[in-house]
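Let's take a walk through a protein model together. Have the picture open while you read, and look up each residue as it comes by.

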Amino acid sequence: MRTVRVAVISDIHANFHALEAVLAAVDRERPDELWCLGDLVGYGPRPNECTATVAERADLCLVGNHDLVVLSTDGVGIEDFNEEAAAAARWTQATLSAEARAFLETLEPSAERAGAALFHASARDPVWEYVLSAESAIASIELSGAPLVLVGHSHVALALVLDEGRLTGGLAPDGADADLAEGRWLLNPGSVGQPRDGDRRAAWLLLDFDGLHADFRRVEYAVASTQQEIVAAGLPSALAERLDVGV
């Protein structure tokens with residue numbers, strides 16, 4: 001069966017309540033496939049549940065830098081993380097189940113599908129580079145060669161289009177849409193588990209490859225429950241506090 005409608009999620013960061021809320025919204029849309037752009041773990045308190053759920057539900061999943069650091073992957077060290085992220089990475093290393101680890105070890109930071117190139121971070125550096133500037137966006141679009149580029153990593157929902165050498169677009173709030181028929185696009189669905197664009201709701205993206213259209217969605221979830229779980233796990237309190245404001 002040809003894939004027509006795809007739900008895209010990214011940066012879950014072990015926030016199971018946010019993931020459940022997004023998947024409930026995805027199920028109501030009945031897409032043909034679900035793609036995940038990586039960072040299933042890190043920061044949050046429920047890495048095993050999130051990894052198991054994505055392993056079961058996703059048709060395609062990438063690996064992110066927070067996933068790679070808990071696997072002790074060469075080139076991705078805890079010393080590259082800030083203090084709070086490093087503390088969460090150490091906690092996740094100690095907490096991650098063998099099954100979750102085995103799934104993460106099968107993943108790559110980039111992939112291709114018909115009409116789309118997928119990267120956890122960027123085409124230039126699929127693990128580390130944040131696409132938050134015009135220069136980095138243009139580089140990813142041009143290097144990929146695909147009409148549609150999907151990236152995560154920054155936790156900021158974006159819709160950018162390169163048409164006749166001119167880049168336009170920007171932040172993609174709830175309800176934003178993109179007409180993919182003209183130009184070459186770079187989209188970031190935003191973060192499921194730790195948004196950083198000032199909207200604390202969990203983010204995801206719905207693609208329609210037949211209609212050449214993309215819709216950005218946000219979903220309310222039980223923020224307080226995740227915050228309580230973060231504190232109970234002994235993770236840095238700042239990781240709970242930031243969920244209130246989406247930064």
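Let's start with an opening in the surface: the lining of the largest pocket is made of five nonpolar, three polar and four charged residues. Keep in mind that this is a predicted model. The largest pocket has a volume of about 170 Å³. Among the residues that line the largest pocket are Tyr43, Asn65, His66, Asp80, Trp128 and Arg242. Two helices stand out here, since helix 3 (65–70) and helix 4 each give at least two residues to this lining.

Now for a space with no way out. The model has one cavity of 30 Å³ or more, and about 50 Å³ of space lies in the largest cavity. Its lining includes His13, Asn15, Gln194, Thr226 and Leu243. By class, the lining of the largest cavity has five nonpolar and six polar residues, but no charged ones. If you want to find a residue that serves both spaces, try Tyr43, which lines the largest pocket and also the largest cavity.

Here are the two spaces side by side:

| Space | Volume | Lining by class |
|---|---|---|
| Largest pocket | about 170 Å³ | five nonpolar, three polar, four charged |
| Largest cavity | about 50 Å³ | five nonpolar, six polar, no charged |

Next, the helices. Which residues of helix 2 are buried? In helix 2 (residues 47–57), they are Pro47, Cys50, Thr51, Thr53 and Val54. These buried residues sit on the same side of helix 2, because they cover an arc of only 165° around the axis. An α-helix has 3.6 residues a turn, so residues three or four places apart point the same way. And what covers that buried side? The cover includes helix 1 (16–29), strand 2 (33–36), strand 3 (60–61), helix 4 (83–95) and helix 5 (98–104).

One of those covering pieces, helix 4, is home to threonine 92. Threonine 92 counts as buried because its relative accessibility is 0%. Its C-alpha atom is 7.1 Å from that of proline 47, although the two residues are 45 residues apart along the chain. Setting aside neighbours within four places in sequence, threonine 92 is in contact with Val41, Gly42, Pro47 and Val70.

Helix 6 (residues 134–144) has buried residues too: Ser136, Ala137, Ala139, Ser140, Ile141 and Ser144. They pack against strands, namely strand 5 (116–119), strand 6 (148–151), strand 7 (158–163), strand 8 (166–171) and strand 10 (184–188). After helix 6 comes glycine 145, with a positive phi near 75°.

On the way from strand 5 to helix 6 there is a loop, and proline 126 lies in it. Leaving out neighbours within four places in sequence, proline 126 is in contact with Pro109, Ser110, Phe119, His120 and Ala121. Proline 126 and leucine 62 are 9.8 Å apart in space, C-alpha to C-alpha, and 64 residues apart in sequence.

Last stop: the cysteines. How many disulfides does the model have? The count comes to zero. Take cysteine 36: the closest cysteine sulfur, in cysteine 61, is 3.9 Å from its own sulfur, so the two are too far apart for a bond. Cysteine 61 is likewise in no disulfide. Cysteine 36 counts as buried because its relative accessibility is 0%, and cysteine 61 counts as buried because its value is 10%.

Definitions and conventions. Residues numbered from 1 in each chain as written. Predicted model: local features only at pLDDT ≥ 70, side-chain atom pairs only at ≥ 80, totals over all residues. Heavy atoms only, no water. Buried < 20%, exposed > 50% of the residue type's maximum accessible area, 1.4 Å probe, protein only. Helix = DSSP H or I, 4+ residues; strand = E, 2+ residues; numbered from the N terminus. Contact = heavy atoms within 4.5 Å. Arc of directions from axis to C-beta. Disulfide = S-S within 2.5 Å. 1 Å grid on protein atoms, 1.4 Å probe; cavity = no way out; pocket = protein on both sides within 12 Å on 5 of 7 lines; lining within 4 Å. Points joined across faces, edges and corners; volume = space filled by probe spheres on them. Nonpolar A, V, L, I, M, F, W, Y, C, P; charged D, E, K, R; others polar.
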